[in-house]
Amino acid sequence: MGDILSLKESILVYLDRSGGLQKLMEDCKPFNEPPQMEAVYRFCVSVNPSDVIELDPLLGDWILHDPLRASALFQDVCFVAIKTLSLVEKIHTQSQVNVILRLTHLPPFPEYTMDLWRFPHGYGPVRPVSMKGLVISMTRVTKYTQGARFLCQNDDCPCSTGFHHIRVHTPGATESATVGNNLSCTMCSSLLKEDVKFRVLGDKQLVELVHVKALDALKGQKQSALRYQSVTLFLRDELCNSMRIGHLYRVLGFPAHVQQLQSISWSVEANNIQLWEPEHPQNVSLSFQKMLKATAGSPWRFSAVAAHCFGLEVAPRGLYNTLKMALLLSLVHSNAEANDTVQNLDLLVTTSDTLIVERLMTYSLNMAVRGVRHQATGEMFASLSRDEHGAGTANIHAGSALLATGGICMLGDLGFYKKERLDTIQSVLESSTVSVFIPGKKYGEDADQQVSFPVQCSFWALTDASRQSGKAENVLIGTADLGAIPIQLADAFGLIIESRDTKGDHSLFTQTIHTLQQAVQPGNHLYSHWQFSAQDYKELVAHARSLEVELSPEAEKIIHGYNMASRRVRTQTHGFKMSVGSVKLLISLAEAHCKLSLRTQVLQEDAVIAVLLCENSVTFKHGASALVIPPDPVFPFDLGGADSLQKRDAALDELHQNILRFIYAYAPGAEMFITEE
């Protein structure tokens, strides 16, 4: 008895020091406003196990190893505090106080950590565990019985009135355990009957969590022998709607085995949820550090060499440089901490050699913080099924795009998609959201519902230019052949790269020699002056992605000046109006090139690369404008020679001046904010 009193004193001291008593007083105020009396009053108490252990080791041990018993002690203390301070007059018995201990964290020991790829077995003690995973599906919010009041059917028993028999939900309990009809009175052993008008309902949501490494199987690479199994989380009350499909979380919860009829299911009652992002290596390799010093004389050279030497396992040097540059820009632009304000950098490649382009995209997908290669047989956005855990509501499963949140979703060749799917892709690209229609009758609801999810990934796709496109004969000069896809879908992509075979048979011969050499000596690039491994590029992309960049006034003026001039010229000559998102695209490209160059301030040179890529993309779709640029402005020369980088710098300098002249000529007032060079 003395130990119990000592533990209660420790709880009172901890609540006083941590601000728990003040929060208890604030939580009691809403309960005094409604006139109707409730059976159970729920209170959440934040508990830091480390602080409790320092104050009272025995109490800390109870919290970590016997949480139900610890909750009962906190219930006693909170009830005494409520009655002593007269916080809620409607609370008459201790059973009416339902205390939820909200753990802030757990000790970093294996006993409190559960890896989802090591599925637990057996009936271990009900202790809290910490797990990390990816949300792959979730249900709608439904109701459950949070607490109920029972009365003894014996009128002579004191328990036939009042609030003596109160049952509340405990982790792992089913609905029948809370509101069962076979309960008996503890005083006279008579049957108890629920007072239904005092039943307290709460919110419940089910979430499927899987290990983040399970996404490796969705990149289209060699399959591993490992198999990953998801775990079901039960979110209740204030934790509902705290998780989003496609995001990573660290979850503290209580494992529970639930028996339903003849089957036993394993699940976790969530106690606390925090956003989580795995740590990625952010150290640039020694090879790239040397190359950064060697190319320090020009703000364009580092990114050019990085793109030139990228993907040599797939394609030889000198080919697809602009495509490689675009892939790297999209990779460093992707943001693991995806939010609604991030501008996706969607990429569409038109080519007559889809095999090599698709291989380059697949190779690049491994560099992404999260990459998913969409399979034609899978779901691209979201699908529905009926929940299997008794709720009967709709379970929303994530498709490839939602699983790739914060990363890249590779669609492959759009020529193999049906028109209905292409229309859906266009709608998602334009709105960055996907909607799911849930029929109410099918899933136990009175009304139909439509749920929307933000799409926060960049899409990579390609189209075969050799396919019949059905273009009119009077197309504008300079437009590219988009294959079988409509121009409206191409407009929805932010950036279009035309991967043309400019070297004829020589290109085919070079690719053939490269393929044979890779078959005989894999990974040997004797023809490359710089040697960079795939791991070097992974570290480069991870480091570049983590950089925080700032847009300089000079770069901002070029971007807005070009956008103003281009909108005016193309509206007058082509009747085509540049989208409002074109400025965001230009800024994203400039920031991505700045990151790829390992800088933290966006320079004019970064804005020039963004303008050239954007102008080339618009020219492919709608024809050339007054800003005349070469077919491949970012890489106008082959970088194989010793002085090729210097020639490229000179060509880009000339294009820089052409862009300024274009702005002066067609952007009203541009001379007021751009200094003539």
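**A chat about a predicted model**

Biologist: I clicked on Ser431 at random, so what does it count as at 37% relative accessibility?
Modeller: Ser431 counts as partly exposed because its relative accessibility is 37%, where buried means under 20% relative accessible area, exposed means over 50%, and partly exposed is in between, with a 1.4 Å probe and protein chains only.

Biologist: Before we go on, what sort of model is this?
Modeller: It is a predicted model, in which local features need pLDDT of at least 70 and side-chain atom pairs count only at pLDDT 80 or more, while totals for chains, interfaces and linings use all residues. Residues are numbered from 1 along each chain as its sequence is written, and side-chain values use heavy atoms, with hydrogens and water left out.

Biologist: Back to Ser431, then: which helix does it lie in?
Modeller: Ser431 lies in helix α12, which covers residues 419-431; helices (H or I, at least four residues) and strands (E, at least two) are DSSP runs numbered from the N terminus. The C-alpha atom of Ser431 is 8.8 Å from that of Pro454, a residue 23 places away along the chain.

Biologist: How many helices and strands does the protein have?
Modeller: The protein has 19 helices and 21 strands, and buried residues make up 51% of its 677 residues. Of the contacts (heavy atoms within 4.5 Å) with a separation of 6 or more, 72% are between residues 24 or more positions apart.

Biologist: What about disulfides, how many are there?
Modeller: The count comes to 0 disulfides, a disulfide being a pair of cysteine sulfur atoms within 2.5 Å. The sulfur of Cys188 has its closest cysteine sulfur in Cys152, at 3.3 Å, which is too far for a bond. For Cys409 the closest cysteine sulfur is in Cys457, at 5.1 Å, again too far for a bond.

Biologist: And are those two, Cys188 and Cys409, buried or exposed?
Modeller: Cys188 counts as partly exposed because its relative accessibility is 26%, whereas Cys409 is buried, with a relative accessible area of 0%.

Biologist: Switching to rings, how many aromatic pairs does a search of the whole structure find?
Modeller: The search finds 11 aromatic pairs; rings of Phe, Tyr and Trp (its six-membered ring) pair if their centres lie within 6.5 Å, and planes under 30 degrees apart count as stacked, over 60 as edge-to-face and the rest as tilted. One of them is the edge-to-face pair of Phe163 and Phe198, with 5.5 Å centre to centre and 80° between the planes. Phe163 lies in the loop between β4 (142-152) and β5 (165-168) and Phe198 in the loop between β6 (192-194) and β7 (200-210), so this pair ties together parts that are 35 residues apart in sequence.

Biologist: What lies over the face of Phe163?
Modeller: Arg149 does, at 4.3 Å from the ring centre; a charge sits over a ring if NZ of Lys or CZ of Arg is within 6 Å of the ring centre and within 35 degrees of the ring normal.

Biologist: Last topic: which residues have the most contacts inside the largest nonpolar core?
Modeller: They are Phe288, Leu323, Leu347 and Tyr537, in a core of 85 residues, where a nonpolar core is a set of buried Ala, Val, Leu, Ile, Met, Phe, Trp, Tyr and Cys residues joined through side-chain atoms within 4.5 Å. Helix α18 (residues 604-622) gives the largest share of this core, 9 residues. Apart from it lies another core, of 62 residues, and Cys409 is among them.
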